[in-house]
Amino acid sequence: MKAIKSLCLLFCFVILGGIFLQPIPINRQALALAEQTESTIYDEIDSYLANACYKAHFPAMSITIVNKEDVLLSKTYGDCSSTNTPFLLGSVSKSFTALCIMQLVERGKIDLNAPISTYLSKSNTNNAITVRQLLNHTSGLGEHQNLGNYKIVNKQGEHIYANVNYSLLGKIIKVVSELSYEDYVTQNIFEPLSMSKSAATYEKAKENGLIETYENWFGINTKTAPKFPNSDNAWITPSAGYLSSSTADLGKYLQMYLNGGECIISNDSINKMFYENVEVQANIPYKYGMGWTLTNEPLKQPALRHSGLVETGMSTIYILPESDIGIAIAVNTNDYFVGKDMMDRIDWSIVLMLTGDNPNQIKSNEYVTMHILYDLAYFVVLVISILPLCLIMLYKKRLITGKLWVKISVLIFIHLILPIFILLLPRMFFLTPLWVVLAFVPDMFTTIIISSCLLFIGGIAKTIILIKRKVDMKR
């Protein structure tokens, strides 16, 4: 009986072993189906981007999508032949600067909670601003300040995005490391990650093959040299927004985060960068950390992101921590009112598609239609401004009749108050000074200046006619 029992037990073990240990065909099929689905997703993203780049009239676009080990998608569109071609990053540069700061924190050279006067002896804020506040944009510094005029003008602790915060961080890196910002970021990030097409100077960017860049004038992309900062007092310094990199290099940069910091930074410091953040109220609420924003809604999973915009380029990077995916996308033009919105919708669409949602569609005639509307508005302003000069002879004839005080009042309103209003329009309604409009919306700036000058000139001409008429009447 024992022998039979033993034989039965052995038979059962053999059968169970065969069931549990043999390959299961359905798993292979599921794996093949998953691979096919993943391949289909990236094919769909590629097709979407090719179509969107064309409709948005971007001269060139580059994208790289990675996971921890591999490149999942590497594509270019328009006049860009390789994902190794460098683009200007804009404020994506801030994540690099924050990473440099956190490296120096790990080395015991910077205390996040120390006042910046600890490191910048000439700081004009005494002990009121900490390094952490610069990283989170909660310092109270003004949006349009620079290293030559910065001071606290906003409530500290509230997020007010200001480039000068990261310009100051660049200065701190220089003082603490005893290296220029350019040398530090190159030696401690670019070189260890083999980011050979990344640079912190214009000369090195050109040597790396920086892509041709464009401004948008009345809906036409016009080739323009990059407005790389030539002084420390520039509004956007390299540490705040003027690094250059290829999306292939950015893929390596994102993989470093996905792999817990590799040889660059500890995972603990990465978590501080991502999650020690402040709430920001916007149309879609988000949190700003140290060079990264964190968005939870309306996506199916959290997304870490930073976008960048300079006068001649736009870029965005994403990390999807739950999916272990990084995304880098860049274009070589800045079309502030139309293309910028399209760029936002396009890069968000990549995340939407990767998380199982439908992308934002760019309509075929949307670019042209929107620019026609803006151009029409500019044209109307110009016509209103030049019309008084065209009707100057009629004005001269009408001086014979009517009350003088009425004529003077109308003259003051049309040719003094109205042009001043036009000049102050960006400041009053968008809180943006004219020099920023010149840099980022040159067609609007040109319209504002020409219109105001025409109105002033018309006013001078009418004043001369009015005075001459008055003198003639006295004779």
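Select Glu178 to begin, in the loop between α5 and α6; helices (H or I, at least four residues) and strands (E, at least two) are DSSP runs, numbered from the N terminus. The model is predicted, with local features requiring pLDDT of at least 70 and side-chain atom pairs pLDDT 80 or more, whereas totals for chains, interfaces and linings use all residues. Residues are numbered from 1 along each chain as its sequence is written, and side-chain values use heavy atoms, with hydrogens and water left out.

**Two residues with positive phi**

Most residues other than glycine have a negative phi. Glu178, which is not a glycine, has a positive phi of about 60 degrees. Its relative accessibility is 70%, so Glu178 counts as exposed; the classes are buried under 20% relative accessible area, exposed over 50% and partly exposed in between, with a 1.4 Å probe and protein chains only.

Move next to Phe218, in the loop between β4 and β5. Phe218 is not a glycine either, and its phi is positive at about 55 degrees. With a relative accessible area of 34%, Phe218 is partly exposed.

**The sheet around Phe218**

Extend the selection to β4 (residues 214-217) and β5 (residues 220-223), which run antiparallel and are joined by four bridges; strands pair if DSSP finds at least two bridges between them. The two strands form a hairpin with two residues between them, Phe218 being in the turn. Within the hairpin, Asn216 stands opposite Asn221 in β5.

Now add β13 (residues 333-334), which runs parallel to β4 and is joined to it by two bridges. Here Glu215 stands opposite Asn334 in β13. The three strands form an open sheet in the order β5-β4-β13, with mixed pairing. β5 and β13 stand at the edges with a single partner strand each, so one side of each has no neighbour in the sheet.

**The eight-stranded sheet**

Select the strands of a further open sheet, whose order is β2-β1-β12-β11-β10-β9-β8-β7 and whose pairing is antiparallel. Its edges are β2 (71-78) and β7 (278-280); each has a single partner strand, so one side of each is left without a neighbour in the sheet. From one strand to the next, the twist averages 20 degrees, where axes are lines fitted to C-alpha atoms, for helices over the stretch in contact, and angles run from 0 to 180 degrees between N-to-C directions.

Within this sheet, display β1 (residues 60-66) and β12 (residues 325-331), which pair in the antiparallel sense over six bridges. Ile63 stands opposite Ile329 in β12.

**Nonpolar cores**

Which residues touch the most other members of the largest nonpolar core? They are Phe96, Val131, Ile172, Ile189, Tyr253 and Tyr257, in a core of 62 residues. A nonpolar core is a set of buried Ala, Val, Leu, Ile, Met, Phe, Trp, Tyr and Cys residues joined through side-chain atoms within 4.5 Å. Among the elements that give two or more residues to this core are α3 (93-106), α5 (163-177), α9 (247-258) and β11 (313-320).

Centre the view on Phe96, which touches residues including Leu89, Val185, Met195, Leu243 and Leu250, not counting residues up to four places away in sequence; contact means heavy atoms within 4.5 Å. A second, separate core of 55 residues includes Ile45, Val331, Val351 and Leu354.

**Aromatic rings and charges**

Keep Phe96 selected and add Phe190, Tyr253, Tyr257, Phe274, Tyr275 and Trp292: ring pairs link these residues into a cluster. Rings of Phe, Tyr and Trp (its six-membered ring) pair if their centres lie within 6.5 Å; planes under 30 degrees apart count as stacked, over 60 as edge-to-face and the rest as tilted.

The whole structure contains 18 aromatic pairs. One of them, Tyr161 with Tyr288, is edge-to-face, at 6.2 Å centre to centre and 75 degrees between the planes. Tyr161 lies in the loop between α4 and α5 and Tyr288 in strand β8 (residues 286-288), so the pair ties together parts 127 residues apart in sequence. Tyr161 is partly exposed, with a relative accessible area of 30%, whereas Tyr288, at 1% relative accessibility, counts as buried.

Finish with two lysines. The charged end of Lys340 sits over the ring of Tyr336, 5.6 Å from its centre, and that of Lys462 over the ring of Tyr395, 4.9 Å from its centre. The criterion is NZ of Lys or CZ of Arg within 6 Å of the ring centre and within 35 degrees of the ring normal.
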